[in-house]
Amino acid sequence: MSIAHRLIGLLVGLAIAGSAAAHGGADHPLVGRYEGSELVGHTHSGFDETNLISGPIVGPVRSATAAGWMHVEGSSDLYYYALPEGRSSLEVLRNYEASLKAKGFVTLFSCATSNGSCYAKRPGHVDATGPYDFANALDAAPELPRLGGDYIRNFFGTNARYLLAKSAQPEGTVYASIALAEGNHGNHAFVHVVQTREMEINKIAFVAAEQMRRAIADNGRISLYGIQFDFDKDIVKAESKPALDEIGKLLTADAMLKLTVVGHTDAKGSADYNTDLSRRRAVNVVAALASDYGIDGARLVARGAGASEPLASNDSEDGRARNRRVELVRSGIDRP
């Protein structure tokens, strides 16, 4: 690369990332922000799955098998920027393209709703269906929340542009998805960065009956992470058997021990819903101990705490995972 090209790349990179400190908030170090933009929202997940637009789409259908979508897993960051007045989506797009190229990214897909390049041909439909269809596809993404009472699609009015690029990094491939909106709310950039990596496994520690006994004797309680439920469900999964076996051993070895089984959730969802879900989960754990291990139901009480007794902050996935648990509490000291 020539010195002139390096200088151009540096100047473009400064235009994208140079104003992060001035406007507050941290930008993604590989992508940055367009100069003069205001960061109005950011969400992070340590490991999640998502589908990114990778080609012309057919309506707002969003799945790994739908035309125009690709499925990726890894750490995920979403940034919402209000762009400065007087800057068109084309100008912003070209700056992102040049900046990402200078950092080693390769463009996988780029389109504009104004010329129909964001859409696949559909029988009986006009190719250029307008930015509203494109924005509906983004609204189908559950990780894109409402902003200021408006759905994402309400930010798209007269035009929309999109860019997907990737870069091979030592830690895994990084995908940068950038959707640009022009509309009555002003111009906005929705930047989604996913760094693919293998999920950390073996995170659920096996707790033997003797460990449970000692913790309950010393502290009156123990938190367990080996009792599993599907998302938003209360049925105890088969993978929970090793943990239930140990609880059964604990209660069989000490016929005088009485426990409150407390279900806990993270803070996603309403308080009332989480309390009810955690109660139903605790009830089903008690039922499994009674039916499968012959434990007298009079020795067990089920309670749902919902998200009211967190062990960690709910602002990160690691914290939310720590809060999702089943707790065994010696009767008589049910609450902290």
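1. Cysteine 111 is buried, its relative accessible area being 4%, and cysteine 118 likewise counts as buried, at 1% relative accessibility. In this model, which is predicted, these two cysteines form a disulfide in which the sulfur atoms lie 2.1 Å apart. The link between cysteine 111 and cysteine 118 is right-handed, with 90 degrees about the S-S bond, and the count for the structure comes to 1 disulfide.

2. A sheet is the next feature to look at. Its 6 strands form an open sheet with antiparallel pairing, in the order 1-2-6-5-4-3. The edges are strand 1 (38-53) and strand 3 (106-112), each of which pairs on one side only. Direction ignored, neighbouring strands of this sheet are turned against each other by 15 degrees on average.

3. Within this sheet, strand 4 (residues 159-169) and strand 5 (residues 172-182) run antiparallel and are joined by 11 bridges; alanine 165, for instance, has alanine 176 in strand 5 as its bridge partner. Helix 3 (residues 89-102) packs on the sheet, where it touches strand 2 (69-82), strand 3, strand 4, strand 5 and strand 6 (188-196), and its direction makes about 5 degrees with that of strand 4.

4. The largest nonpolar core has 27 residues, of which Ile227, Ile247 and Leu328 touch the most other members. Elements giving two or more residues to this core include helix 5 (209-219), helix 6 (241-253), helix 7 (271-293) and strand 10 (325-330). Leaving aside residues up to four places away in sequence, isoleucine 227 touches Val236, Ser240, Ala243, Leu244, Ile247, Val285 and Val326.

Key. Residues numbered from 1 in each chain as written. Predicted model: local features only at pLDDT ≥ 70, side-chain atom pairs only at ≥ 80, totals over all residues. Heavy atoms only, no water. Pairing = 2+ DSSP bridges. Helix = DSSP H or I, 4+ residues; strand = E, 2+ residues; numbered from the N terminus. Axes fitted to C-alpha atoms, helices over the stretch in contact; angles between N-to-C directions. Contact = heavy atoms within 4.5 Å. Core = buried A, V, L, I, M, F, W, Y, C linked by side-chain atoms within 4.5 Å. Buried < 20%, exposed > 50% of the residue type's maximum accessible area, 1.4 Å probe, protein only. Disulfide = S-S within 2.5 Å.
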